[in-house]
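Welcome to a set of short exercises, each followed by a worked solution. Keep the sequence and the model open side by side as you go.

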Amino acid sequence: MVTIKDIAREAGVSHGTASNVLNKRGNVRASKIKLVEEAAKRLGYQLNSQAQVLRKGLSKKVCVFIPYFGRFHYSDLIDFLVTFDSDDYDIELFYFKNQVDLDERIAKISSLLPLAVVSLGLEPTRATDLDQQGTKLILIDTDNDAGINFNSDHIQKLVVNFLEPRSDGIVTLISPYAGFALFANLHRTLLKSDFRVRLLTDSDNTNIVMMYSKLSHLTSKDTLVVSDRKVVKELNDLLDWFGKTERPHILVLGCRDIIGQQNISYLNLDYKLVAKRLIAALDTDNYSLIEPKGVENQNEEMTNPVAITLTLAIVESPMSNAIKVLVEKYKTLTGMTIQIEEFTYQELLVNLSNQDFLNRVDLIRVDMAWLPNFAETVFQEVTNQELTQVINSKLMPNIASEYSHQSDRQYTFPFDISSQVLVYRKDLFDNTLLQRQFYEKYKKQLDVPKTFEEFDLVSSFFSKSFNKDSETDFGHTLAVKTPIVATCDFMPRYREKLLGNNMDLSVINETFKDYKNSVTYTNGKLDLWWEDHVRHLRLGHTAMEIVFSNYISPLFSGSEKHDVAYQFDIASVPGKQAMTGGGSIGVSLYSVQVSQCLNFLNWLYSAEVSRLLAYLGGVLPVETVIEDSNLGQIYPWFENFNETFSQGSRSHWHDFVTDLDFETILGQELMERVSKL
């Protein structure tokens, strides 16, 4: 067996130095870190984690105990933990059948000296040993206030309000296992509220089929309250088999389906958010209740089909592709055909001055930067339309009015909005060797840059032309393909400089100089778009990029994420003066089908359709979308949505007002200066 002594001899360093490197402690020079790591790799050394436990005390193991009969209720939490990747914690899942089984299993694992034990749905009756050895006990979904819980009182109130119009019927609660606090508490509340209610336990009956005799008499007046999607499927399959056309309404208290079904409502319990709270709780005791948003119903079928056509003009994008998939559904609901015409960015911009184009289209998606120039000449004002208020109520609060308003009048709705973020290679910034090399070179810590001065320094460190040992070819990528792109790349840097110099506009020349210097840390190509920035990160060519948020999903989800071994994370743009971007949508000034257009948009912005749209690649800033933890794994910038968009702006920034003409002129100047380098 290879020992630290063997590695020290192989690397030509002392035993203490080798030990410090392998245990990630002490202040060791970068050259020696490299020698030890290379020697350990040659000798095939693996750190003995169990020996570390014996020396240091608690391990990194986090033991999560899940009720076996509630595993489908907790499916989103389980999915999150199974895929959670961290060097700090070793998460292992255990299943238990009842209280006795839970207590026995916890007693068995205590000898492993886990860092934490997590219990879902039931509280262990014997946790003294855990407390004595310093193992943290975290409770989820119990009546103990010192844990991670949904607001039970709020859930009960939402359910009572939902059931009130159906109070003539029977309410049947189907709990996944005995003692589940969520259903037990709800049962007591409904009894006190004079509902005709009964509580059944699925685990006692093994499966829904054996429970059918207790359900067969239920009618459309009645309600079934269940815990997960599996029960819903089993119920519907059973009712279909028996040919039951009149069936009870189903309310799901748990994880929501992507696509809802008729006769089913959801009170979504976000267990991916619970899982994130669990990870945070490993380092803190600060627990707070999670507030469910409310009961969500399946969209009602629309009536009175009308055979008309609406024409939507849109930039070719993931959003346009997603809408093309969904419009077939809208046609089956309403009889309306949504004809989609796709254009390049420049083609659509030119068409906004074409009267024939404006006469024949009904809905237009424009870049939000165009609104100051075109809002009043291209779009109908919708400020006082009844559906405008309905659509606005579905949006995330505090979205800048520059996506929808001009001169305090509303012309459009925020559509596929985005904001600049800093995406960086987390595996590089966390690398001990690189941290030491950076310190030896600059006498500073290697941190995610918070200013553009830090950004340029870090970018030089990760450029081979300035650091032959760099892990990447370049620090970042240049973005000057078009005047608008160039302006977006430059403005956060300029805004930071203005804020630091009492808004003195003359600092633009100094900013130009800094920007030109930063070009030396790129590959110097002048024809790249933001997709290219993401591709460079994914392929390991660059260490960080400033890019619009709607481009970064391939780094965090989907098949492309698995093509590389790198870890990515996001942060605020240096200086925290990001440019916002993306699109707005409105009704053409010359359309005669205003109400039909607004009805289509209202459908598009509905909770279910907008959620499905996001899974297909198009993001609307709807509250139920941005706060969906499942979608948050695809779009990581959702987590800091409010912070990101409160920092960013486009046409209105402090006392400065800009428009498309300004961005074009500035961008052309930038492109000309950079091309001379």
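A salt bridge here is a side-chain nitrogen of Lys or Arg within 4 Å of a carboxyl oxygen of Asp or Glu. This is a predicted model: local features need pLDDT of at least 70, side-chain atom pairs count only at pLDDT 80 or more, and totals for chains, interfaces and linings use all residues. Residues are numbered from 1 along each chain as its sequence is written, and side-chain values use heavy atoms, with hydrogens and water left out.

**Exercise 1. Salt bridges**

Describe the salt bridge between E10 and R42, then the one between R493 and D456.

Solution.

Step 1. Begin with the principle: side chains of opposite charge can pair when their charged atoms come close.

Step 2. E10 and R42 meet through their side chains at 3.1 Å, N to O. The pair links distant parts of the chain, with E10 in helix 1 (residues 4-11) and R42 in helix 3 (residues 30-43), 32 residues apart. Helices (H or I, at least four residues) and strands (E, at least two) are DSSP runs, numbered from the N terminus.

Step 3. Now check accessibility, where buried means under 20% relative accessible area, exposed over 50%, and partly exposed in between (1.4 Å probe, protein chains only). E10 is partly exposed because its relative accessible area is 39%, whereas R42, at 53%, is exposed.

Step 4. Turn to R493 and D456, whose side chains form a salt bridge at 2.9 Å, N to O. R493 belongs to helix 21 and D456 to helix 20 (residues 452-461), so this pair ties together parts that are 37 residues apart in sequence. R493 is buried at 5% relative accessible area, and D456 is buried at 14%.

Step 5. For a further case, take K468 and D469, which meet at 3.6 Å, N to O. K468 is exposed at 71%, while D469 is partly exposed at 36%.

Step 6. Finish with the overall picture. The count by this rule is 32 salt bridges, and R256, E296, E608, R611 and D628 are linked in a network of them.

**Exercise 2. The largest nonpolar core**

Which domains give residues to the largest nonpolar core?

Solution.

Step 1. Fix the term: a nonpolar core is a set of buried Ala, Val, Leu, Ile, Met, Phe, Trp, Tyr and Cys residues joined through side-chain atoms within 4.5 Å.

Step 2. The largest such core has 100 residues, and I364, V423, F600, L604 and Y605 touch the most other members. Helix 21 (residues 483-499) supplies the largest share, 8 residues.

Step 3. Domain 4 (309-417 + 583-636) and domain 5 (419-580 + 651-675) both contribute, so the core lies between them. Domain bounds come from an automatic or database domain assignment.

Step 4. Zoom in on I364, using contact in the sense of heavy atoms within 4.5 Å. Leaving out residues up to four places away in sequence, I364 touches residues including L312, L348, F357, V378, F379 and I585.

Step 5. Another core, of 56 residues, lies apart from the largest one, with I66, V160, L173 and V197 among its members.

**Exercise 3. Two local environments**

Are H533 and S111 buried or exposed?

Solution.

Step 1. H533 sits in helix 23 (residues 530-538) and is buried, with a relative accessible area of 1%. Beyond residues up to four places away in sequence, H533 touches T477, L478, A479, E545, I546 and V547.

Step 2. S111 is in the loop between helix 6 (99-109) and strand 3 (116-120), and counts as exposed because its relative accessibility is 58%.

Step 3. The C-alpha atoms of S111 and D129 are 9.6 Å apart, with their positions 18 residues apart along the chain.

**Exercise 4. The whole chain**

What radius of gyration does the protein chain have?

Solution.

Step 1. The radius of gyration is taken over C-alpha atoms, and the globule rule is 2.2 Å times the number of residues to the power 0.38.

Step 2. For 677 residues, a compact globule would have a value near 26 Å; the protein chain has 29 Å, which agrees.

Step 3. Along the principal axes, the C-alpha atoms fill a box of roughly 80 × 80 × 40 Å. The C-alpha centres of domain 3 and domain 5 are 52 Å apart.

Step 4. The chain comes to 29 helices and 21 strands, and buried residues make up 53% of its 677 residues.
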